[in-house]
Amino acid sequence: MQQRASSTHLATKAARALLDKVAGCAIGLDLELPIATGERRRRIYLDSTASTLRLGVVQDALDHYQPYYANTHSTVHFGARLSTQEYRWAHDMVLDFVGADKDRCTAFFVGSGTTGGMNRVAATLSQRMPGRDVVITSIMEHHSNDLPHRKYFKTVVHAPPECGATSMGCVDIKAIERALEANKGRVAYVSVTGVSNVTGIINPIREIAALAHAHGALMVVDAAQMIAHVPIRMSGNPDPAHDIDIVVFSGHKIYAPGSPGVVVARRELFEGGVPVEVGGGMVDDVWLDRFTPTAALPDREEAGTPNITGAIGLGAALYALHRIGMDTLFEEETELMQLALTKLSANPEIAIYGDTDTSRYPRAGALSFNVRGMHHALTAAILNDYFNIAVRNQCFCAHPYVREMVTEALAAADSELTAAELEALAEMQRGMVRASFGIYTTRADVETLAVALDDIAARRAFYEAQYEPTPAGDYQHKTFRFEPESVFNVRSAVDGWFERA
Ligand SMILES: Cc1ncc(COP(=O)(O)O)c(C=O)c1O
């Protein structure tokens with residue numbers, strides 16, 4: 001296995017040994033695929049912000065669990081009892097992992113990731129906070145931490161990021177304070193991302209929580225990106241004003257299978273009344289003309305058969321990371337991020353988005369860039385086809401933030417542009433390439449990315465000549481084709497099983 005970061009950090013040797021062990025067991029790290037040069041290359045997976053790879057330790061726990069799998073709504077037989085116990089344990093693990101006070105908080109699983117969780121939060125709080133019809137969020141947000149609030153609340157205020165020395169930094173807390181003042185008594189909650197899924201910039205959530213609380217509003221954190229990279233402490237902060245009221249995240253961003261969404265919240269926010277989702281498992285009794293929702297949390301928020309395997313897999317992943325220690329993981333990743341920023345910014349042909357001064361704006365998990373003058377889709381295609389480096393491109397479901405940053409970069413490059421020209425150019429070139437990290441990302445992976453980008457920038461004409469644009473706005477290699485079917489398809493896998501059985 002490749003060596004991880006240098007040893008300038010404070011992590012204990014034991015924690016580092018655990019980290020190396022867990023990092024090395026990720027499934028898919030050794031994947032080799034044919035590339036455009038005719039060789040086969042090991043894939044470098046730099047798309048963990050979209051979804052992390054599954055860890056072997058998680059898969060192992062699930063393989064051991066699977067023979068006992070049963071529905072948690074059955075209560076008597078052995079498999080049901082075991083499944084219920086482990087499913088309950090997964091809730092406890094979630095509460096522990098985010099440092100939530102178990103007497104005051106509940107954790108529940110919802111469908112479809114953070115998006116499902118945010119929709120539940122917005123729908124529920126919009127019913128329960130009469131007169132509070134404003135939500136404050138930021139322009140840095142993933143659409144999942146924006147559109148649900150727009151749907152359920154009258155007004156959503158988008159706070160801008162700070163202007164850093166070179167580019168945009170974290171969310172501007174003064175703008176949040178101004179919005180709280182301007183909407184005094186009307187703000188239900190402030191909801192910001194802990195870590196940007198575009199730039200990896202970490203937001204000062206504790207300070208924002210203190211402001212929200214001082215104005216009688218709740219603090220909600222979109223922890224989709226924070227969860228796997230930065231330690232979270234929801235309750236019991238030295239200053240209680242820094243406590244977080246609701247944290248939302250997804251299993252697929254933290255090495256678990258499927259995409260269970262998770263909401264961790266102060267219990268009273270989800271008590272009383274009728275939950276947003278109704279059906280089996282959340283009622284005490286039902287008559288033809290009425291029903292009584294159970295008072296028990298988390299059951300009342302988990303209508304229907306839950307994603308039991310996904311939740312248990314998530315519990316296993318959280319426990320594995322807890323054994324290493326999130327502080328250690330954060331330290332390791334801070335070094336990796338610094339290396340990536342240093343390597344990529346050494347090439348003037350690469351434009352990195354967001355202020356790169358990490359002493360002022362620390363980052364985790366992801367960074368986005370463009371090779372100057374090259375379409376993001378072309379850069380991503382070349383990285384994939386010639387280097388087997390998997391990255392994401394486009395706008396990462398954060399259109400307003402990406403639009404602002406691309407516009408800012410174009411304006412900085414050419415101050416002669418009129419506002420209309422700038423807008424048209426930004427619309428045409430909107431998009432970036434994102435490299436994102438997981439526990440298994442090594443220094444060598446980052447160095448390979450930097451070398452690949454240097455090569456792309458240096459031999460731009462060669463690469464450009466190999467591609468043609470597609471009607472969908474991507475770029476396709478003129479001769480090299482990757483046929484997914486030839487590598488894997490479910491039908492052949494099932495046929496193979498029948499042949500072997
Ligand atoms: C910051 C952030 N919030 C929300 C989401 C949505 O998560 P999901 O796709 O699990 O619903 C994402 C996904 O990338 C994200 O990065």
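**Exercise 1.** Which residue in E6 does Val 135 stand opposite? Work it out, then place the two strands in their sheet.

*Solution.* Keep in mind that this is a predicted model.
- Step 1: look across from Val 135, and you land on Val 156 in E6.
- Step 2: check the pairing. Strand E5 covers residues 134–138 and runs parallel to E6, with five bridges joining them.
- Step 3: zoom out. The open sheet has seven strands, ordered E4-E12-E11-E10-E9-E5-E6, and its pairing is mixed.
- Step 4: look at the edges. Strand E4 (105–110) and strand E6 (155–159) each have a single partner strand, so one side of each lacks a neighbour in the sheet.
- Step 5: add the twist, which averages 20 degrees from one strand to the next.

**Exercise 2.** Find which strands helix H4 lies across.

*Solution.*
- Step 1: pick out H4 at residues 113–128.
- Step 2: list what lies under the helix: E4, E9 (187–193), E10 (218–222), E11 (246–250) and E12 (261–266).
- Step 3: get the angle. H4 runs at about 35 degrees to E12.

**Exercise 3.** Describe how domain 1 meets domain 2.

*Solution.*
- Step 1: set the bounds. Domain 1 is assigned 13–49 + 325–395 + 431–487, and domain 2 is 59–323.
- Step 2: take the contacts, where 25 residues of domain 1 touch 22 residues of domain 2.
- Step 3: sort the domain 1 side by element. Helix H1 (13–24), helix H9 (326–345) and strand E16 (366–371) each supply at least two residues, and H9 gives the most, with six.
- Step 4: sort that side by chemistry, and you get 13 nonpolar, five polar and seven charged residues.

Methods: Residues numbered from 1 in each chain as written. Predicted model: local features only at pLDDT ≥ 70, side-chain atom pairs only at ≥ 80, totals over all residues. Domains from an automatic or database assignment. Contact = placed C-beta atoms within 7 Å. Helix = DSSP H or I, 4+ residues; strand = E, 2+ residues; numbered from the N terminus. Nonpolar A, V, L, I, M, F, W, Y, C, P; charged D, E, K, R; others polar. Pairing = 2+ DSSP bridges. Axes fitted to C-alpha atoms, helices over the stretch in contact; angles between N-to-C directions.
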